[in-house]
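This report covers a protein–DNA assembly. The sequence and structure come first, followed by the contacts and the arrangement of the copies.

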Protein chains: 2
Amino acid sequence: MATIGDVAKAAGVSRSTVSYALSGKRTISSETRERIESAIDLLGFTPNAGARALATSQTMVIGLLVQFFRDEFSPAMLQYVLPISDAAREAGYDILMVTEDDGPKALRRITDSDMVDGVVLLNVAHEDERVPPLRAARQPGALVGLPKDTEGLDVFDLDFGEAARMLVDHLHGLGHREIILISPHEHVITRGGAYAWRFRDAALERAARYGLRIYPYDGETQQPAISESLDSILDQRPTATAMIVHNDAMIAGLPPVLNARGVRVPDDLSVVGIFSEDFGRLFSLPYTAIETSPDKLGRAAVQALVQRMQDPDSAGAPVVRFIAPELTDRGSTR
Amino acid sequence: MATIGDVAKAAGVSRSTVSYALSGKRTISSETRERIESAIDLLGFTPNAGARALATSQTMVIGLLVQFFRDEFSPAMLQYVLPISDAAREAGYDILMVTEDDGPKALRRITDSDMVDGVVLLNVAHEDERVPPLRAARQPGALVGLPKDTEGLDVFDLDFGEAARMLVDHLHGLGHREIILISPHEHVITRGGAYAWRFRDAALERAARYGLRIYPYDGETQQPAISESLDSILDQRPTATAMIVHNDAMIAGLPPVLNARGVRVPDDLSVVGIFSEDFGRLFSLPYTAIETSPDKLGRAAVQALVQRMQDPDSAGAPVVRFIAPELTDRGSTR
DNA sequence: CTGAAAGCGCTTACAG
DNA sequence: CTGAAAGCGCTTACAG
């Protein structure tokens, strides 16, 4: 492969001149610039990324730590990964995607060896073991998901409390008095998925204020447990007129169950959920829902990270930003 | 950050000795080894990846080129990405995941700049624009999916022809004489997704040999077109007793349609498909199907690539390997 | 407007 | 068993 030295030789200039022509960091006479450019074309020169990284202390790579749980519904993850990858590329960064089970170890590996300029953590838990090593790393980090201790990190998440209140308000406004509430699988809570209880607690509190009856249930993640669980819940609560589902797997499995029972939406039951537009389209979900905006969250995380990587001083104090929930009315309530 | 020089100083040895202690490429007296190790622990030293890459010409990174199409069903992609990432890590490699729209350009960028030691291409088309630049790159490449010209590349794919024949044989053996065949969306064919016609053509040919009636249709990718299309097909072919579905989106949308029409499987209609176990579980598909084994394919691609990256000479001639299809009987035929 | 040189942090022949 | 030195391919002060 051609090096910067080959280009310099072919163009009859020094290596530094080629480097400056590449970076534009000093003025080059148009004559030499042209000689350099044709030499580059001729030799098909592309700067070696490792050498550049060594010289500049910048890799132009962002580490993306993805976490998969067997008992979690997977298709949702891609909705975060893609926008993050796109946003990174737009800012000139590539993505090193790490899916190792041992997140803290993987994180230390890529930060200590300076493989990346910054890190995005996905699917962050309340007491996420990746957070302390990220905080200790010399690279900045941005999180998608709210941990207990956010100090020193940029954090982005949906406002799950507000989302729950909006849904309860919506149903209350329509006159519903008895509401089924389906939460994520209890493993999500055990694992510290704070969004689970942030949503549920807010819903319960709001319902209590209105004097509504609310029937909380944990959800399942796999068939046939999903359908069985839905059937059992509906059997137990024949007087409920509305249902709030905060569980991707459960709401994806809901249509056939309602269909089989002859329950019409919204005539017999009002149903609301919280999922992304893409997810709803994927599973053809006809339900009014809070949009979870994975693309907004991912992009916001990358933006903040890029800012901090490129100009650590001007980036200011770390932020915790909640995306405001928006209700998409699909006509499944009344 | 501590460098190898700091460690050397702290341990009272030369930098080369530290390096050799790290790599184990020459014998070190246990005494010096211990001094070095405690110095490493003390300073928290991790070798700089960029410097190492520069010195060794090895990045220990694999480029993974993912391609997303808006009219394609996305959840399937993750099933390939994850096993590839896992297999790479087991072999000591990290994954640089590239999702850019301009695949050829992205490919040149990461190979020309030596960011990666090798490349895996996912979702390969018949005349895939990424293949020529990959062939031109100095790094080896492995493909998941069969292109027209496989020269110089390791290629892994399911044997879609054999898969189609197995399904036709299966239905023929049960006495079916009229079969509906649902293919991927026609865009998949336009785009050069060879698996579409490899499967379809083999099915048609096999059916012709048996003298079976086969009714071929293209599928849709989005609701409500999916349901409408299924309904229309079933309306058109009331005499068909079996259905072969080679389309993730269509088969995921099939259960509610059959349910609504009161069609019982397998009593009224035998249904077979071709999808992965994970996919089937995700959508609770109760259909006998050919297992597409994305994990096997991904892992095989990584293995071949690692072999070629680590020992280009002994790796031998490039291979085109078809994974043998396996039928998973879920009792949806008779 | 341009060049010679030092330096980024490693590895690995060469030497002893 | 260990060290001094060259080299990987860049960037960037320093100098003119």
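How far does a backbone N or O atom of N48(B) lie from a phosphate oxygen of DNA strand C? In this predicted model, the separation is 3.2 Å. That pair is listed below with two others involving DNA strand C.

| Protein residue | Protein atom | Atom of DNA strand C | Distance |
|---|---|---|---|
| N48(B) | backbone N or O | phosphate oxygen | 3.2 Å |
| S14(A) | polar backbone atom | phosphate oxygen | 3.0 Å |
| Y20(B) | side-chain N or O | base nitrogen | 3.2 Å |

The surroundings of DNA strand C comprise 30 residues, of which T17(A), R26(A), T27(A), I4(B) and S19(B) come nearest. Of the strand's atoms within 4 Å of the protein, 52% belong to sugar and phosphate. By class, eleven residues of this surface are nonpolar, 13 polar and six charged.

Helices of both chains take part. In chain A, α2 (15–23) and α4 (49–56) each supply at least two residues of the surface near DNA strand C, as do α2 (15–23) and α4 (49–56) of chain B. The most is given by α4(B), with five residues.

Chain A superposes on chain B with an RMSD of 0.0 Å after a rotation of 180 degrees and a shift of 0.0 Å along the axis. The two copies are therefore related as by a two-fold rotation axis. Both copies use the same surface, since 100% of the contact residues of chain A recur in chain B.

An unreviewed UniProt entry annotates residues 3–50 of chain A as "domain: HTH cro/C1-type". Over residues 3–50, chain A is 69% helix and 0% strand, with its end C-alpha atoms 13 Å apart.

Key: Residues are numbered from 1 along each chain as its sequence is written. Chains are lettered from A and ligands numbered from 1 in the order in which they are written. This is a predicted model: local features need pLDDT of at least 70, side-chain atom pairs count only at pLDDT 80 or more; totals for chains, interfaces and linings use all residues. Side-chain values use heavy atoms; hydrogens and water are left out. Copies are superposed by least squares on the C-alpha atoms of residues with pLDDT of at least 70 in both. Contact means heavy atoms within 4.5 Å. UniProt positions are given in the numbering used here, feature names are shortened, and annotations may be inferred rather than shown by experiment. Helices (H or I, at least four residues) and strands (E, at least two) are DSSP runs, numbered from the N terminus. A residue is near a molecule or strand if one of its heavy atoms lies within 4 Å of it. A polar contact is a pair of N or O atoms within 3.5 Å; within protein, one must be able to donate a hydrogen and the other to accept it, and residues adjacent in sequence count only if both atoms are side-chain atoms. Ala, Val, Leu, Ile, Met, Phe, Trp, Tyr, Cys and Pro count as nonpolar, Asp, Glu, Lys and Arg as charged, and the others, Gly among them, as polar.
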